[in-house]
Amino acid sequence: MSQKAYDIVIVGAGAAGCVVASYLAVHTDASIALIEAGDTDRDPFIHIPAGFAKILAHDRHVWKYETVPQHGTKRAYRSGKVLGGGSSINAMCYVRGQVRDYAAWQDAVGDTGKWSYEDLLPVFMAQEDNDTFHDEYHGIDGGLAVQLPKGINELNQYCLKAFQEYGLPYNPDYNGKSQVGVSPVQSTVGNQRRCSAVDAYLRSHLASGRITLLTGKTVARILVENKRAVGVELMDNGLETIMAGEVALSAGTVIARRSLCTRASGRPSSCASTVSR
Ligand SMILES: Cc1cc2nc3c(=O)[nH]c(=O)nc-3n(C[C@H](O)[C@H](O)[C@H](O)COP(=O)(O)OP(=O)(O)OC[C@H]3O[C@@H](n4cnc5c(N)ncnc54)[C@H](O)[C@@H]3O)c2cc1C
């Protein structure tokens, strides 16, 4: 059993994992390991926006789940299994939540957090490198490229008109004042390339060596001692343990059936979190 140690171990290098890793790299001196079950994002089809369909078709960078029966039928459910997670395989549509969604979050956390739309808007703006809008809703100095399509084909033009004929207003910016209406889709693309969370947040820290990235490593267990996470156990090619001052869990929202948290002694704990598939 090999053992390494880092101040912070982040499980899952998807959309959230890249942001968390980048934040910690900038704002702390901690040693950081970012662990990803999938491969690196070197596949060119990840970066070509039109490669989206091909990526989903060949399943190499995808966790293939099935839902429980929905009205009697199990449905296919996919999520990203690659550096960047979903942000490396998704449809690149840039759509913020509704104001009332964040109000519900704020209600849920009360005074313990700042999750209202007003709190989050400056964060959205700071993230963005928007190629079209620069106003009280959009920024141009962030790392996340956002663009409008560079041409609208005839079929899309008919669709835009048909929806207006149906009664929806034309809304040039659904991420702005109002989300109601019909318009072309804003996308996380820049210079004809997908802008994943890796591009927006992580790439420079990998290049500088500030963050240690471990790909092709699946975390099987979070080791818990005295109610504190103290490390993780990997399940690829034999048993490997990585000890940690802190463990951040960003392995996606789909939860497998069994709990994998254990005490460092190896005995199962009562922790309910799991990152196994
Ligand atoms: C096909 C598809 C199309 C989508 N289209 C859009 C869109 O157009 N616009 C939009 O905003 N959103 C879209 N989404 C959703 C968006 O991509 C996700 O909401 C987002 O990626 C979720 O981020 P996350 O960090 O929570 O999880 P993920 O991005 O899924 O990251 C989780 C990471 O953890 C890794 N991991 C999991 N288990 C382990 C383990 N045990 N050990 C190590 N690593 C592990 C995974 O491999 C993955 O890389 C789409 C998603 C899919 C699948």
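Okay, let's start with His-71, which sits in the loop between β3 and β4. One thing before we go on: what you have in front of you is a predicted model. So, back to that loop. Is His-71 buried or exposed? The answer is exposed, with a relative accessible area of 87%. Its backbone is worth a look too, since phi of His-71 is near 50 degrees, a positive value in a residue other than glycine. Why point that out? Most residues other than glycine have a negative phi.

Now walk along to β4, the strand covering residues 76-80, where you'll find Arg-78. Arg-78 is partly exposed, and its relative accessible area is 36%. Which residues does Arg-78 touch, leaving out those up to four places away in sequence? They are Asp-59, Val-62, Trp-63, Lys-64 and Tyr-65. You can also check a backbone distance here: Arg-78 and Glu-66 are 12 residues apart along the chain, and 8.2 Å separates their C-alpha atoms.

Next up, charges. Side chains of opposite charge can pair when their charged atoms come close. How many salt bridges does this model have? The count comes to 11. I'll take you through a few of them.

Begin with Asp-39 and Arg-60, whose side chains meet in a salt bridge at 3.8 Å, N to O. Asp-39 is in the loop between β2 (32-36) and α2 (44-47), while Arg-60 is in the loop between α3 (52-58) and β3 (62-66), so this pair links parts of the chain 21 residues apart. As for cover, Asp-39 is partly exposed, at 28% relative accessibility.

Arg-60 has another partner. The side chain of Asp-43 also meets Arg-60 in a salt bridge, again given as 3.8 Å, N to O. Asp-43 lies in the loop between β2 and α2, and Arg-60 in the loop between α3 and β3, so the pair ties together parts 17 residues apart in sequence. Asp-43 is buried, with a relative accessible area of 7%. Put these together and you get one network, in which salt bridges that share partners join Asp-39, Arg-42, Asp-43 and Arg-60.

Then there's Asp-41 with Arg-203, a salt bridge at 3.0 Å, N to O. Where do these two residues sit? Asp-41 is in the loop between β2 and α2, and Arg-203 is in helix α8, residues 197-208, which puts the partners 162 residues apart. Asp-41 is buried, with a relative accessible area of 6%, whereas Arg-203 is partly exposed, at 31%.

Let's move to the strands β10, β11 and β12. Find β11, residues 228-234. Five of its seven residues are buried, so β11 is largely enclosed by the rest of the structure. β11 runs antiparallel to β10, residues 219-225, and six bridges join them. If you want a spot to click on, Ile-222 stands opposite Val-232 in β11.

β10 and β11 form a hairpin with two residues between them. Which residue in that turn has a positive phi? That's Asn-226, at about 50 degrees. Asn-226 is exposed as well, with a relative accessible area of 71%.

β11 also pairs with β12, residues 240-249: these two run antiparallel, with four bridges joining them. Here Gly-231 stands opposite Met-243 in β12. The hairpin of β11 and β12 has five residues between the strands, and in it Asn-237 takes a positive phi near 45 degrees.

Quick stop at the cysteines. How many disulfides does the structure hold? Zero. Take Cys-18: the nearest cysteine sulfur belongs to Cys-195 and is 11 Å away. A disulfide needs the two sulfur atoms within 2.5 Å, so that pair doesn't make the cut. Cys-18 is buried, with 0% relative accessibility. For Cys-159, the nearest cysteine sulfur is that of Cys-93, 14 Å away, and Cys-159 is in no disulfide either. Cys-159 is partly exposed, at 34%.

Last stop, the surface. Phe-163, Tyr-166, Leu-168 and Val-180 make a nonpolar surface patch of about 440 Å². Tyr-166 lies in helix α7, residues 154-166, and Tyr-166 is exposed, with a relative accessible area of 72%.

That's my tour, thanks for listening!

Conventions. Residues numbered from 1 in each chain as written. Predicted model: local features only at pLDDT ≥ 70, side-chain atom pairs only at ≥ 80, totals over all residues. Heavy atoms only, no water. Patch = residues over 30% accessible without salt bridge, like charges linked within 9 Å, V, L, I, M, F, W, Y side chains within 5 Å. Areas by Shrake-Rupley, 256 points an atom, 1.4 Å probe, with all protein chains shown as cover. Salt bridge = Lys/Arg side-chain N within 4 Å of Asp/Glu carboxyl O. Buried < 20%, exposed > 50% of the residue type's maximum accessible area, 1.4 Å probe, protein only. Pairing = 2+ DSSP bridges. Contact = heavy atoms within 4.5 Å.
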